[in-house]
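Here are my notes on this one, jotted down point by point while going through the model. Have it open alongside as you read.

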Amino acid sequence: MDKKYQLNSIENIEFQKSLREELLMFGYLGDDGTPWIDRPRETWITCRMAHVYSIGKMLGYDGCAELAAKAIKGISNELYDKKSSGWYAGLNANGEILPDKQCYAHAFVILAGTSAYLADIDGAKELLDKALEVFDDKFFNEKEGLAVDTWNTEFTELSSYRGLNANMHTVEAFLAAADALSDEKYRVRAGRIIDSVISWAKNNSWRIPEHFKSDWTPDLEYNIDNKTDQFKPYGATPGHGIEWARLIVQWAMSTETDDKDSINKYIDAAKNLYNTAVNDSWCKNGEPGIAYTTDWDGNPVVTDRMHWTLAEAINTSAVLYNVTKDTKYCDDYSMFIEYLDKYVHDKKNGSWFHQLDEHNKLIGTVWPGKADLYHAFQSTLIPYSDVSVSIAKAVKTSN
């Protein structure tokens, strides 16, 4: 592997810094980087932008404070349901409300609030307090220790669907809230979700069931006729196995315990999740890249490569190396960065390509256009940050 892609090489650090600066752009973008003004204003995307620009402010990038403030203002006003409380899924290009109240979106409201609060953005603390209140009331089920998925817009009807994608970002949001507010209640809740996920994965050959019925029975055949769904694809999603592994490490390393055996149990679970996901999905057709989904035996189903899976692979390989010092993970990081540089980094228009086919050619069947900045931007920071702390808090502390 080329030395310049090693985790701590000077060349790689400079490469990451240049990517960070290049990624600081705004909008839902087409392949050429121009805004798609006919696309909806999704709450989850707006929240991710607030998160990124809040961190950008703390890193000293010009203009980020103003952009973060605009995003927080929009989340607090246009996207908030003043009648029924909570946040709309978004607004379409004509300003009409997108239906339903999503756990996924509400988790990102919390994340946006924590990062903006740490960055001293006006209105952030009020937004964060309100977001946690709504989430506690409507989404987190204290008895089950898990979050429900989707309500109707009026918060009167709860969907029978339960899913782990929303719970994964709930863990991320809870850890960020615990770090920002020094409220360990949210770290404990994150641990309860993690324990359930590890149990399900361990009993399923370390491939995480994604979809569940209302009683939390895994629905392994969910969306078998819609295998490329953007948010709920059929089968196992290796990128989520990788992302869960990082969050598990963060949670384990952040808990105040002297029980090293307990911590090692979680690190081992994270390694099993990561190793299974990479073994199932990497370079399965003879060409580099991480397949989007697999079946329950680990055979690729959708072989397209999504940018976010690569970003999470970069993060988690670095985190596992930093915790274990096993050079396997450093080598993996090097491999992923090399792949990013060769195939995914758009050197002409900037940012990253969102979706490539199994031959690493640009397509847009699942995710057209350029992605929001959240995954790619974080992958330039998390590998070099304290593994036990959520990224906005880590940046705040390091400044």
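1. Starting with the cysteines: going through the whole structure turns up 0 disulfides. C47 is in no disulfide, and its nearest cysteine sulfur, the one in C103, sits 13 Å off. C47 is also buried, at 0% relative accessibility. C64 is likewise in no disulfide; there the nearest cysteine sulfur belongs to C47, at 17 Å. With a relative accessible area of 2%, C64 counts as buried because the cut-off for that label is under 20%. Bear in mind that this is a predicted model, so all of what follows describes a prediction.

2. On to the charged pairs. As general background, side chains of opposite charge can pair when their charged atoms come close. The count of salt bridges for this structure is 17. I'll go through a few of them below.

3. The D372–R48 pair is one to look at: their side chains form a salt bridge with an N to O distance of 3.0 Å. D372 is in the loop between β13 (355–356) and α12 (374–378), while R48 belongs to helix α2 (residues 43–59), so the bridge ties together parts that are 324 residues apart in sequence. Are the two partners buried or exposed? D372 is buried, at 13% relative accessible area, and R48 is buried as well, at 4%.

4. Next, D120 and K396, whose side chains meet in a salt bridge at 3.7 Å, N to O. Here D120 comes from the loop between α4 (103–118) and α5 (124–138) and K396 from helix α13 (residues 391–398), so this pair ties together parts that are 276 residues apart in sequence. D120 is exposed, with 54% relative accessible area. K396 comes out as partly exposed, at 35%.

5. Then there's D136 with R189, a salt bridge in which the closest N and O atoms are 2.7 Å apart. D136 is in helix α5 and R189 in helix α7, so the bridge ties together parts that are 53 residues apart in sequence. D136 is partly exposed, at 25% relative accessible area, whereas R189 is buried, at 9%. This pair isn't on its own, either: salt bridges with shared partners link D136, E142, K185, R189 and R192 into one network.

6. Two backbone angles caught my eye. K325 isn't a glycine, yet its phi is positive, near 65 degrees. You'll find K325 in the loop between α10 (307–324) and α11 (327–344), and it is exposed, with a relative accessible area of 53%. S351, also a residue other than glycine, has a positive phi of about 65 degrees. S351 is in the loop between α11 and β13. Is S351 buried or exposed? S351 is buried, at 5% relative accessible area.

7. Now an asparagine in a loop. N204 lies between α7 (184–202) and β9 (211–212). A polar atom of the N204 side chain is 2.7 Å from the backbone oxygen of R207. Which residues does N204 contact once neighbours within four places in sequence are set aside? They are P209, L220 and W296. At 16% relative accessibility, N204 is buried, because that figure falls under the 20% cut-off.

8. A second loop asparagine, N223, is worth a look too. N223 is in the loop between β9 and α8 (238–254). Where does the side chain of N223 reach? It reaches the backbone oxygen of K232, at 2.6 Å. Ignoring residues up to four places away in sequence, N223 touches D229, K232, P233 and Y234. K232 therefore turns up both as the owner of that backbone oxygen and in the contact list, where a contact means heavy atoms within 4.5 Å.

9. If you only have time for a quick check, I'd put these on screen. Show the D372–R48 bridge, with D372 in a loop and R48 in helix α2. Add the network that includes D136 and R189. Finish with the loop residues K325 and S351, to see the positive phi of K325 and that of S351.

Definitions and conventions
Residues are numbered from 1 along each chain as its sequence is written. This is a predicted model: local features need pLDDT of at least 70, side-chain atom pairs count only at pLDDT 80 or more; totals for chains, interfaces and linings use all residues. Side-chain values use heavy atoms; hydrogens and water are left out. Helices (H or I, at least four residues) and strands (E, at least two) are DSSP runs, numbered from the N terminus. Buried means under 20% relative accessible area, exposed over 50%, partly exposed in between (1.4 Å probe, protein chains only). A polar contact is a pair of N or O atoms within 3.5 Å; within protein, one must be able to donate a hydrogen and the other to accept it, and residues adjacent in sequence count only if both atoms are side-chain atoms. A salt bridge is a side-chain nitrogen of Lys or Arg within 4 Å of a carboxyl oxygen of Asp or Glu. A disulfide is a pair of cysteine sulfur atoms within 2.5 Å.
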